[in-house]
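Me: Could you take a close look at the ligand site for me? I'd love one connected walk through the surroundings of the ligand, and then a few notes on the rest of the chain.

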Amino acid sequence: MDIEKVNSMDFGEFVDVFGNVIERCPLIAAAVWSQRPFSGLEDLEKHFFAIVDALPQSGQEGILRCHPDLAGRELQRGALTAESQREQAGAGLASLGAGERLRLAELNAQYRARFGFPFVLAARLQDRAAVPRELARRLHCPPAQELRTALGEVRKICRLRLADLFGVDPARL
Ligand code: 2AL
């Protein structure tokens, strides 16, 4: 895929292709389409980020709530999006033992109870040992800081998914 191809996409095709670069938030892609043409992949990414940044806090928390738990019930049931499935399996979360799964479920529940949204982490940049460690650390952060951190992870996930779609190394973005 290249940027000329992206700029030539009609609305339906664009949302089909980019509708999940922000997990289960095709509305963001729908808003980005209106802002074409894009000068390149970096410019396209900037538009996704700008729309997320411009949302009120309730909208940003809504985006976080669209993310499935790491190693949660949807992974067990095979109900994740294809992108999530690949990311979580790649981080080794599909092959946790029962004890590790239980520990993560407890931490995820504590995190959700404290902040009101699920713990979000770009799983592809972590390994299975780092996930509970990061979760336990972030659990104690102040809420405003945690919202910023979580949105930063949404950006990382978005960047990696865009890089995949373009077949480029994310370090080049
Ligand atoms: C996820 C997910 O599904 N993929 C990823 O990188 N992070 N979910 C999450 N709660 O962080």
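**The ligand site**

Reply: Happy to! The ligand sits in the largest cavity. Please keep in mind that this is a predicted model, and the distances below are computed from it.

Let's start with the shell. Around the ligand you will find Pro68, Leu70, Ser84, Glu87, Gln88, Phe119, Val120, Leu121, Ala122, Ala123 and Ile157. Sorted by class, these surroundings comprise eight nonpolar, two polar and one charged residues. Helix α7, spanning residues 82-90, supplies the largest share of the shell, with three residues.

Now for the polar contacts, which are worth viewing one at a time. In the side chain of Ser84, an N or O atom lies 2.7 Å from an oxygen atom of the ligand. Gln88 also takes part through its side chain, where a polar atom is 3.2 Å from a ligand oxygen. With Leu121 the backbone is involved instead: one of its N or O atoms is 2.8 Å from a nitrogen atom of the ligand. As for burial, the ligand taken alone exposes 290 Å², and the protein buries 99% of that area.

Moving away from the ligand, here are some other details to look up in the viewer. The count of salt bridges comes to 15. One of them pairs Glu61 with Arg65, whose closest N and O atoms are 3.3 Å apart. Both residues belong to helix α5 (residues 57-65), and because they are four residues apart there, about one helical turn separates them.

Two loops deserve a glance for their backbone geometry. In the loop between α3 (26-33) and α4 (41-54) you will come across Pro37. The peptide bond joining Arg36 and Pro37 is cis, with omega at about 5 degrees. The other spot is Arg24, in the loop between α2 (11-18) and α3. Arg24 is not a glycine, yet its phi is positive, near 50 degrees.

Terms used
Residues numbered from 1 in each chain as written. Predicted model: local features only at pLDDT ≥ 70, side-chain atom pairs only at ≥ 80, totals over all residues. Heavy atoms only, no water. Near = heavy atom within 4 Å. Polar contact = N/O pair within 3.5 Å; in protein donor to acceptor, adjacent residues only side chain to side chain. Areas by Shrake-Rupley, 256 points an atom, 1.4 Å probe, with all protein chains shown as cover. 1 Å grid on protein atoms, 1.4 Å probe; cavity = no way out; pocket = protein on both sides within 12 Å on 5 of 7 lines; lining within 4 Å. Sits in = over half its atoms within 2 Å of the grid points. Nonpolar A, V, L, I, M, F, W, Y, C, P; charged D, E, K, R; others polar. Salt bridge = Lys/Arg side-chain N within 4 Å of Asp/Glu carboxyl O.
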